[in-house]
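This report describes one protein chain, from its overall form down to single residues. Please look at the sequence and the structure before reading on.

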Amino acid sequence: MAANATGPSLWGEAESSVVAEVVVEVEAPDLLTTYSYRVPADLTAVVQVGSCVHVPFGGREVLGYVLEVGHSPIIAGIQLREIAGVIEGALTFSPEQAAIAHWLHRYTLCPMLHAVRCIVPAAFGARIRTVARLSGTTVDLNRVRSANQLKIMQVLLELNGEAELEELKRRFGDGDRFSSAYLSVRNKRLVEEHRELIRASTSPRRIVTYELNPAADDEEDLARLSAGAKVVNWLREKEQTLSSDEDPQNDHRYSRAELMEGAGVSVAVIHNLVKKGWLLRRVEESFRKPETYTHRPAARPELTADQCSAVKTLKAAVDAHEFRRILLYGVTASGKTEVYLGAIEKALEVSGGALMMVPEIALTTQLVDAFVRRFGGRTAVLHSRLSEGERFDEWRRIQSGAAPVVVGARSAVFAPLPNVRLIILDEEHEPSYKQEASPRYHAHRVAEERARRNRAVLLLGSATPSIESFHAAQTGDIELITMSSRVAGRMLPKVELIDLRDEFSQHPTLFSQRLDEEIQARIGTGNQIILLLNRRGFAPLILCRACGTVCRCPNCEVALALHRENRQLRCHHCDYVEKPPDVCPRCGDVHIGAFGTGTERVEHEVRSRYPEARVLRLDRDSTTRKGAHAQIVRTFYQGDADILIGTQMVAKGLDFPNVTLVGVVSADTSLHMPDFRAAERTFQLLTQVAGRAGRGEQPGLVIVQSFSPDHYALQAAKNHDYRRFYTQEIAFREELAYPPFSRLANLVSQDETASKASDRSYRLAEALRRTLPDTVTLIGPAPAPFARLRGYYRWRIALRVSASQADQLPRWIEDALTYLEPSDRQQLIVDIDPFNMA
């Protein structure tokens, strides 16, 4: 809307002007969705949807992104402010991406700026730097009347007469007094303010390459260049020996360093060859590569009957250029990746793009290796562990069409891929596809919307589909493709349940006797082992055995986990850290120690019991360093480790042919959580990790330890019986009206004061009762399961609406929010379709 307009609303008769709707990069309460700005005549040719611009806003210049451009009649008495300029070189977005941002704003009720940052991440933009500069060549301090004004002048003098405004404010030290003093020296014209455009730290990287000049053929001249001849001959040998298994993107161009090292010459020799015409010198852009992947083409495996049928169906769907939703339900190791590759080949054949999404960064390593072997340099990678430069380059390669195949984690769903024909969500059931910060979207919903707008195929793949997706397939809302057998006729692994109640009564230990025997039998044989425990750290808490005191986070109502590697107690919610005490902080007793088990403790136990074993650990703590995911996965794949210990990261989609034993240290960590999806998540995790065993020539064995071995989720996982689990779970969901028979929303009021959080929650409840129909169930207000998190007290309201009214829920909530003050709305978290009700 035209929020920056003033004056009466009278239509004039003058000609129309070009107006842009701009979302401004400003974090403040109660902003409008967009603001209207007039496009000056000299910018009408360059301002378009997706342009990054700078505009006047609130007495300063800020960055903004254009979401709409159109002609608007000039209104008498109303004058719109003009766009100040377009940011050259900034990444832009397409009209399709702009439409997705609008949709995301409506679906999640997030600020429009947060939605736009998804399609153009903030790191890519530029910023406007405000510089304070002393006026003139001399400074008249006699005109300074206060100590605060004098301090500003003195700071500027120390900084050679100018400073960025934020730096000046920091050096001044008192924010409240700074504002008035700074305004006074500006009004007295002692200080001038200038604004400069600062580009993002990322920019295109350019390199110099050399290649043989095909027109140079004077062999006599070459013979006179003894050192130069070494370079030419080295290049000719490289051309002749370049075999088909090398990078198909190689175009016989080499850097100066490569020539100097390969031919053993100095830089002067290379310069002389260029001068004499034997070498061509080129300055070209070089894209930063996120990983070093092999371009060696792989032999295509012979497809099973199930794979052939699935590929045929998917190719026909892609070719039809219609919006289709398809669930690919295939048991573990049934060869879903080959099916994905076949469908992507069809998308490329019709000049389209394909987006392949995975739930964990750890999965990108093996998957991208396979994709690069099939599609070469046309593959791009997007995930949060890329450097800014790598992400910048990958984004531009995708946007230009140079990389029509994109592999990435959750945020990759917003990749600027033109002409999308296929979107794949591998392991579609995974909760990590849900974003837990604003905007709180589910990648499944975003992918569905993109597929609908592009008339593309949305393919959901899983061995353990979400209850919602499988129910949709059973009711005919989406198509179903089933792959019921493993490739090469391999058998699913045998699963054994170990009752820890019996085990602990005999000899309480981390590993049951059965699991211990199987581990020992495999060490040194070339067979590999995966051990799963979905809890990181050494222990989830430390406790005093004398008085029962548990060390807790001062910011959150949770226990601090012990991380013994770096001797820390750490909060897994706010990252608060302190040293573990030697004595109880309450009673002074020395009998205070770790209780429970995490992956660090499992690793410690394994190294103690099996000193000859080579051990790796894959969890969030072991993968903080860039590239650590890929290094651990590749090391294990190459057989350079015997045992891989990890959290759920080890359960998802990884393919290790030599793994013949999987041990689940405790299946109870997720089974008894206060969450209606607890049984589903446990079944999925057990089935997925079990699927890592027996993928090669040797049969697999899975040993699951639990205090609840009779639970229906564990029994179904033991028998690899998804349909049995689904039948029991869907009956439970229908009886209690949980999804897919309803839609949920979680609304959390948070504040540094408990009473303010609860009072606001009650005001919200009253507003909701004014807008919600009687068919919506309102639960609460009540303290949230995590009543205090990151220093904020939290109260929660849950909403449940029938599936038939599900699409109306965001609008009803939005209507209710209009009854609250802006300060109240700022302290609310609105989560549509939550995966975490805590």
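## A residue in helix H1

Gln97 is part of helix H1. The model is a predicted one. With a relative accessibility of 3%, Gln97 counts as buried, because buried means under 20% relative accessible area. Leaving out residues up to four places away in sequence, Gln97 is in contact with Ile119, Trp395, Phe414, Ala415 and Pro416.

## The chain as a whole

The protein chain contains 25 helices and 33 strands. Its radius of gyration is 31 Å, close to the 28 Å given by the globule rule for 838 residues, so the chain is as compact as a globular protein of that length. Along the principal axes, the C-alpha atoms of the chain fill a box of roughly 90 × 90 × 65 Å.

Of the 838 residues in the protein chain, 51% are buried. The chain exposes about 38,100 Å², and carbon and sulfur atoms supply 47% of that area. Consider the contacts between residues at least 6 apart in sequence: 76% of them join residues at least 24 apart. The chain has 104 positive and 106 negative charges, and the mean positions of these two sets are 3 Å apart.

## Helix H14

Helix H14 covers residues 443-454. At 1.5 Å a residue, its 12 residues should span 16 Å, and the C-alpha atoms at its ends are 16 Å apart, which agrees.

How many of the 12 residues of H14 are buried? The number is 9, so the helix is largely enclosed by the rest of the structure. The buried residues are Ala443, His444, Val446, Ala447, Glu448, Glu449, Arg450, Ala451 and Asn454. They pack against several elements, among them helix H1 (95-108), strand E12 (324-330) and strand E13 (353-357). Strand E16 (420-426), strand E17 (457-462) and helix H15 (467-474) also pack against the buried residues of H14.

## On either side of H14

The loop between E16 and H14 holds Pro439. A cis peptide bond joins Ser438 to Pro439, with omega about 0°.

Arg455 comes just after H14 and lies in the loop between H14 and E17. Its phi is positive, about 50°, although Arg455 is not a glycine. With a relative accessible area of 46%, Arg455 is partly exposed.

## Helix H15

Helix H15 is one of the elements that the buried residues of H14 pack against. In H15, 6 of the 8 residues are buried, so this helix too is largely enclosed by the rest of the structure. The buried ones are Ile467, Ser469, Phe470, His471, Ala472 and Ala473.

What covers the buried residues of H15? The cover includes E12, H14 and E17, together with strand E18 (479-483), helix H20 (678-690) and helix H22 (722-736). Just after H15, Gly476 has a positive phi of about 85°.

## Two more loops

H22, part of the cover of H15, is followed by a loop to strand E30 (742-751), and Pro740 lies in that loop. The peptide bond from Pro739 to Pro740 is cis, and its omega is near 20°.

Arg567 is found in the loop between strand E22 (561-563) and strand E23 (568-570). Its phi is near 50°, a positive value in a residue other than glycine. Arg567 is partly exposed, with a relative accessible area of 48%.

## Two residues in other helices

Is Leu515 buried or exposed? Leu515, in helix H17 (residues 513-522), is buried, with a relative accessible area of 0%. Apart from residues up to four places away in sequence, Leu515 touches Leu661, Gly663, Ile703 and Gln705. Glu27 is 488 residues from Leu515 along the chain, and their C-alpha atoms are separated by 54 Å.

Ala257 belongs to helix H8 (residues 256-263). At 52% relative accessibility, Ala257 counts as exposed, because the cut-off for exposed is over 50%. Ala257 and Thr209 are 48 residues apart in sequence, and the distance between their C-alpha atoms is 9.6 Å.

Definitions and conventions. Residues numbered from 1 in each chain as written. Predicted model: local features only at pLDDT ≥ 70, side-chain atom pairs only at ≥ 80, totals over all residues. Heavy atoms only, no water. Helix = DSSP H or I, 4+ residues; strand = E, 2+ residues; numbered from the N terminus. Expected span 1.5 Å × (residues − 1). Buried < 20%, exposed > 50% of the residue type's maximum accessible area, 1.4 Å probe, protein only. Contact = heavy atoms within 4.5 Å. Rg over C-alpha atoms; globule rule 2.2 N^0.38 Å. Areas by Shrake-Rupley, 256 points an atom, 1.4 Å probe, with all protein chains shown as cover. Lys, Arg positive; Asp, Glu negative; His and termini not counted. Charge placed at Lys NZ, Arg CZ, Asp CG, Glu CD.
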